[in-house]
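Q: Please take a close look at one part of this model. Keep it brisk, and give the cut-offs as you go.

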Amino acid sequence: MPPALKALIAQLSGLAAAVALARAGLLGGLWPLVAVQALVAATMAAALRSARWWLPIHLGFLPLAIAAHGAGIHPGWYLAGFIGLVLVYWTSFRTQVPLYLSNRATAAAVARLLPQQPMRLLDVGAGTGTLLRALAAARPDCRFEGIELAPATWAIGRLLLRDLPNVDWRRGDLFVPDWSAYDLVYAFLSPVPMPAVWAKATAEMRPGSTLVSNSFAVPGREPDAVIEVGDRRGTRLFVYRLGERTKHRSD
Ligand SMILES: C[S@@+](CC[C@H](N)C(=O)[O-])C[C@H]1O[C@@H](n2cnc3c(N)ncnc32)[C@H](O)[C@@H]1O
């Protein structure tokens, strides 16, 4: 069952329980009923095996909504907040890839992986282009490309990268373009798309090219190298060298 459907069922179950208790005259007053709704919603989410981080969301959702309603904030702010979040997170409910950005230490570690000679790198799911900005400045002899799906992050990246002549910045789905033209493909996504990323890499990338995944290993594949970036979040880069053997192993 999709996580969003589980969340809806959990919230509606909580509401149904609170309404049933109120109708039966067993419980009265706004906050006791809100507490019941929140507890039942969290319990239902646990029963549906939602990820653990959903539980505090269910516990806090209706209490916070009611508290915010009481604060008299103009409804336009909620609409603006909602639209802003949609433009940043776009289809992450489907892709299961949220937004977090590669830091400077990671960009430096990726720069050390680049060969001496000019090359082409593609950042798949490029966020606001922070990685590409650092790399493009460090290596003006190389071409850097980024593809990003969410409109707001894409627009911010376009602004930030506008003065860099060796960067191509595109809006689109990372699974659409052909990856065969790139010497290195960089991914900082989530565990969910990694099997599909690996399938695409092995189908399209040239022998001798490299796939680098920040933080998320390809399930069931031994990386050729693991680089400890040495930053505070303990970033690890999983490095996969593509070769003829890789194609056979993925069949
Ligand atoms: C974790 S961020 C990484 C951003 C950037 N690569 C970096 O390292 O700073 C992942 C990004 O991938 C984007 N994304 C997720 N699925 C995508 C897809 N199918 N096609 C293109 N972009 C996608 C998200 O919108 C998000 O901005």
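**S215 and the sheet around it**

A: S215 is partly exposed, with 19 other C-beta atoms within 10 Å. The scale calls a residue buried at 20 or more other C-beta atoms within 10 Å of its own, exposed at 12 or fewer, and partly exposed in between, with C-beta atoms placed from the backbone. The model is predicted: local features need pLDDT of at least 70, side-chain atom pairs count only at pLDDT 80 or more, and totals for chains, interfaces and linings use all residues. Numbering starts from 1 along each chain as its sequence is written.

S215 is not a glycine, yet its phi is positive, about 75°. The residue sits in the loop between strand 5 (210-214) and strand 6 (225-228). Strands (E, at least two residues) and helices (H or I, at least four) are DSSP runs, numbered from the N terminus.

Now the sheet. It is open and mixed, with 7 strands in the order 3-2-1-4-5-7-6. Strand 3 (167-171) and strand 6 are the edges, each pairing on one side only. Pairing requires at least two DSSP bridges between two strands. Neighbouring strands are turned by 20° against each other on average, direction ignored.

Strand 6 pairs antiparallel with strand 7 (236-241) over 4 bridges. There, A225 stands opposite V239 of strand 7. Helix 6 (104-113) packs on the sheet, touching strand 4 (184-187), strand 5, strand 6 and strand 7. Contact means C-beta atoms, placed from the backbone, within 7 Å. The direction of helix 6 makes about 165° with that of strand 5. Axes are lines fitted to C-alpha atoms, for helices over the stretch in contact; angles run from 0 to 180 degrees between N-to-C directions.

Terms used. Two residues are in contact if their C-beta atoms, placed from the backbone, lie within 7 Å.
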